[in-house]
Amino acid sequence: MSELRPPSTPPSPRRPLALRMLGMLLLVWSVGLVSCQALFVL
Amino acid sequence: MIGRPDPRRTRRLKDSIPGLQSMLGRLPTVRTAPVEDRLVPWAGLEGLLLYILPLPLLPGAIVELAVGRLDTFLADSMGFALLMAGGWLTRRGIRAARAEQQVRFVRLQRWPLKSLGGALTAIGAGVTAHLAVGHGIPISLAFAGIAALGFHLAYGFEPLGRPRPFDIGDERARQVANALGEAEARLLDVERSATAMTNPELKSRVRRISAQGRAILDQIAERPTDLFRARKFLNVYLEGVQQVAEGYARAHRQADSQELEQSFRNVLVTVEEVFEEQRQRLIKTDLMDLDVQIEVLKKQLQREGIA
């Protein structure tokens, strides 16, 4: 039986903090904004 | 396949390690929090934003229902459900990705959970914008697009077509892969127990045992035929170590007893010796095989008049 060598699992590259913060800001802007709009469009 | 250990062999292990019998008798096994949550203290917080952002939809839906507007109530509820499901999948995906960095043989959830979570988040934003707020389709699509972009930057979509953990062509290779996966899961449990221990000496002993165990698994992976030689190690000792480590970690939180600590130390010393012995035995087999190969080569050379 040949060698069983699983591919090593390198840690997934993390984005720089600034980009992650920008991503969260965009999420707040889209998801947070529509949620609040839905609340105030009563 | 390792499966459940043979009780007769487990009994032998209990007899052979001083103190193990009494510890196992005293301490039943329990499952605790996932290992990755214990190793990284802030791990539980990542992705929480996705649960917080849709919260305004909940009072919105309740008020809509109270004033009798069923269509907007359904729109709010649908948006809320989509976004919450997206957050849930994303957090599970983040957890699975973190666990994957610690394991080599355990076969993990292969669904791209984070990507599914991101897709639901984007769809949820678009649906909420269109149905609950009343934006037109282009603006709703823009909201979905911005949500997807934000998700990608903040958490990242997983690459498509991730590699399989093993190249398992035949049935025997699959059996070895499964056995290694189960053994590694036990070692992960042992490592998790080590994080809960306060005594630095015992903690480092447990971690050393776990590292020895991983070295043995690596050796088996390099030469899967060793699995059959290492079966006792996989079946009996790993299970014993897992039970004792979990039991000790739990018991010393409840009561700090010198006697318990000492018997745990005795168990660990014996287990360390057994693991080292097992590793040496596998290495010796390698060397024996090499000797045989050299002998065969020598004879061949003599036969051909070269040596």
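The bend at a residue is the angle between axes fitted to the seven residues ending there and the seven starting there.

**Figure 1. The helix of chain A bends at one glycine.** In this predicted model, α1(A) bends by about 30° at Gly32(A). Chain A contains one helix and zero strands. The 24 residues of α1(A) should span 34 Å at 1.5 Å a residue, and the end C-alpha atoms are 33 Å apart, so the two values agree. Gly32(A) is itself buried, as are Gly23(A), Leu26(A), Leu27(A), Ser30(A), Val31(A), Leu33(A), Val34(A), Ser35(A), Ala38(A) and Leu39(A) of the helix. Over chain A, which has 42 residues, 31% count as buried.

**Figure 2. The largest nonpolar core takes residues from both chains.** This core has 36 residues. Those with the most contacts inside it are Leu27(A), Val31(A) and Val34(A) from chain A, and Ala125(B), Phe143(B), Ala147(B) and Phe151(B) from chain B. At least two core residues come from each of these helices: α1 (17–40) of chain A, and α5 (57–66), α6 (70–100), α7 (113–133) and α8 (137–154) of chain B. Apart from this core lies another, of 34 residues, which includes Ala183(B), Ala194(B), Leu227(B) and Val236(B). In soluble globular proteins, nonpolar side chains tend to be buried together.

**Figure 3. Ala125(B) touches residues of both chains.** Which residues does Ala125(B) touch, not counting those up to four places away in sequence? In chain A they are Ser30(A), Val31(A) and Val34(A). In chain B they are Phe143(B), Ala144(B) and Ala147(B).

**Figure 4. Helix α7(B) is mostly covered.** Of the 21 residues in α7(B), 17 are buried. The distance from the first C-alpha of α7(B) to the last is 28 Å, close to the 30 Å expected at 1.5 Å a residue. Gly134(B) follows the helix and has a positive phi, near 95°.

**Figure 5. Helix α8(B) has neighbours from both chains.** The buried residues of α8(B) are Ser140(B), Phe143(B), Ala144(B), Ile146(B), Ala147(B), Ala148(B), Gly150(B), Phe151(B), Leu153(B) and Ala154(B). What covers them includes α1 of chain A together with α7 of chain B. The helix has 18 residues and reaches 25 Å from its first C-alpha to its last, close to the 26 Å expected at 1.5 Å a residue. Just after α8(B) comes Gly156(B), with a positive phi of about 85°.

**Figure 6. Ala179(B) and Phe264(B) are two buried residues of chain B.** Is Ala179(B) buried or exposed? Ala179(B) has 23 C-beta neighbours inside 10 Å, and the cut-off for a buried residue is 20 or more, so Ala179(B) counts as buried. This alanine is in helix α9 (residues 171–195) of chain B. Its C-alpha atom is separated by 7.9 Å from that of Leu234(B), although the two residues are 55 residues apart along the chain. Phe264(B) lies in helix α13 (residues 258–303) of chain B. Phe264(B) counts as buried because it has 26 C-beta neighbours inside 10 Å. Phe264(B) and Tyr248(B) are 16 residues apart in sequence, and 7.2 Å lies between their C-alpha atoms.

**Figure 7. Chain B is built from helices, with zero strands.** There are 13 helices in chain B. Buried residues make up 39% of its 307 residues. Among the chain B contacts between residues at least 6 apart in sequence, 74% join residues at least 24 apart.

**Figure 8. Confidence varies along chain B.** Chain B averages a pLDDT of 77, and 74% of the residues score at least 70. Within chain B, confidence is highest in α8(B), at a mean of 95, and lowest in helix α3 (residues 35–39), at 45. Residues 1–14 of chain B have a pLDDT below 50, and this stretch has 26 contacts in the model beyond near neighbours in sequence. Residues 23–40 of chain B also stay under 50, with 36 contacts beyond four places in sequence. Chain A averages 78, with 64% of the residues at 70 or above. In chain A, pLDDT stays under 50 over residues 7–11, which have four contacts beyond four places in sequence. Where pLDDT is low, the predicted coordinates should not be read in detail. The model scores ipTM 0.79 and pTM 0.54.

Technical notes: Residues numbered from 1 in each chain as written. Chains lettered and ligands numbered in written order. Predicted model: local features only at pLDDT ≥ 70, side-chain atom pairs only at ≥ 80, totals over all residues. Core = buried A, V, L, I, M, F, W, Y, C linked by C-beta atoms within 7 Å. Buried ≥ 20, exposed ≤ 12 C-beta atoms within 10 Å, placed from the backbone. Helix = DSSP H or I, 4+ residues; strand = E, 2+ residues; numbered from the N terminus. Contact = placed C-beta atoms within 7 Å. pLDDT = per-residue confidence, 0-100. Expected span 1.5 Å × (residues − 1).
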